[in-house]
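Visitor: I would like to take a close look at a single residue and to understand its surroundings. Could you please guide me through it and then place it within the whole protein?

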Amino acid sequence: MKLLHIDSSVLGPSSVSRQVSAAIVDRLRNATPDLAIVYRDLTQTPLAHLSGRHLSASQGAVSEADLQQDLATGQAVMDEFLDADIVVLGAPMYNFTIPSQLKAWIDRIVVAGKTFKYGPQGAEGLAGEKRVIIAVSRGGFYGAGTPAAVGEHLETYLRWVFGFIGVANPEFISADGVQVGPEHREKALAGALQAATNLHAA
């Protein structure tokens, strides 16, 4: 059993999403002693955003020498994702959506012929056998029925993009209101950590 652990917060150890994603991984590690874990910190080893040169290379154009290393890194990212049975993702909300470094990672794994394909019925996801667990932190409250619900473009986007590649039911553990005040932060973090502890192992 292989687990891929991804963090994307720029806040280091003080990050709520990092604390919760680590707790999720600890829970699964304790429940599955032979679990092999690969960790990627998208702020320590950021991926380049896609460019016209990347797209040209993907369509068979000869790539310049300075792009070769980046293409190799992108292939390594794809291989990590394809090899994983479980993906644990730390995803804080930045300006109502995902961090740009997380978007750069998603752009490397949502690739036609690898994680989805087009057929007579449209797009078909190819990664549906994976379990995806996402630790979300949000500064405010964006749940259904709240005034800010229309501005929630983190969980909604991640549900859609993972669904597009075949992961129909990604699991979310959320800590909301972490910027409202210290009391709200501690309560949200405690609740998310407890949810991680209660996570079913299989």
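Guide:
**A close look at Gln101**

Gln101 has its place in helix α4, which covers residues 100-109. The model in view is a predicted one. Is Gln101 buried or exposed? Its relative accessibility is 14%, and buried means under 20%, so Gln101 counts as buried.

Which residues does Gln101 touch, once its neighbours within four places in sequence are left aside? Gln101 is in contact with Ser8, Val10, Leu42, Thr43 and Tyr94.

The view can now be widened to the whole protein. It contains 6 helices and 7 strands. Read from the N terminus on, these elements follow the order β-α-β-α-α-β-α-β-β-β-α-β-α. Among contacts between residues at least 6 apart in sequence, 76% join residues at least 24 apart.

As for overall dimensions, the C-alpha atoms fill a box of roughly 55 × 40 × 40 Å, taken along the principal axes. The radius of gyration of the protein is 17 Å, which agrees with the value near 17 Å that a compact globule would have with 202 residues.

Burial and surface complete the picture. Of the 202 residues, 42% count as buried, and Gln101 also counts as buried. The accessible surface of the protein comes to about 10,300 Å², and carbon and sulfur atoms account for 56% of that area. The protein has 16 positive and 20 negative charges, and the mean positions of these two groups are 1 Å apart.

Key
Residues are numbered from 1 along each chain as its sequence is written. This is a predicted model: local features need pLDDT of at least 70, side-chain atom pairs count only at pLDDT 80 or more; totals for chains, interfaces and linings use all residues. Side-chain values use heavy atoms; hydrogens and water are left out. Helices (H or I, at least four residues) and strands (E, at least two) are DSSP runs, numbered from the N terminus. The radius of gyration is taken over C-alpha atoms; the globule rule is 2.2 Å times the number of residues to the power 0.38. Buried means under 20% relative accessible area, exposed over 50%, partly exposed in between (1.4 Å probe, protein chains only). Contact means heavy atoms within 4.5 Å. Accessible areas come from the Shrake-Rupley method with a 1.4 Å probe; for residues, only the protein chains shown count as cover. Lys and Arg count as positive and Asp and Glu as negative; His and the chain ends are not counted. The place of a charge is taken as NZ of Lys, CZ of Arg, CG of Asp or CD of Glu.
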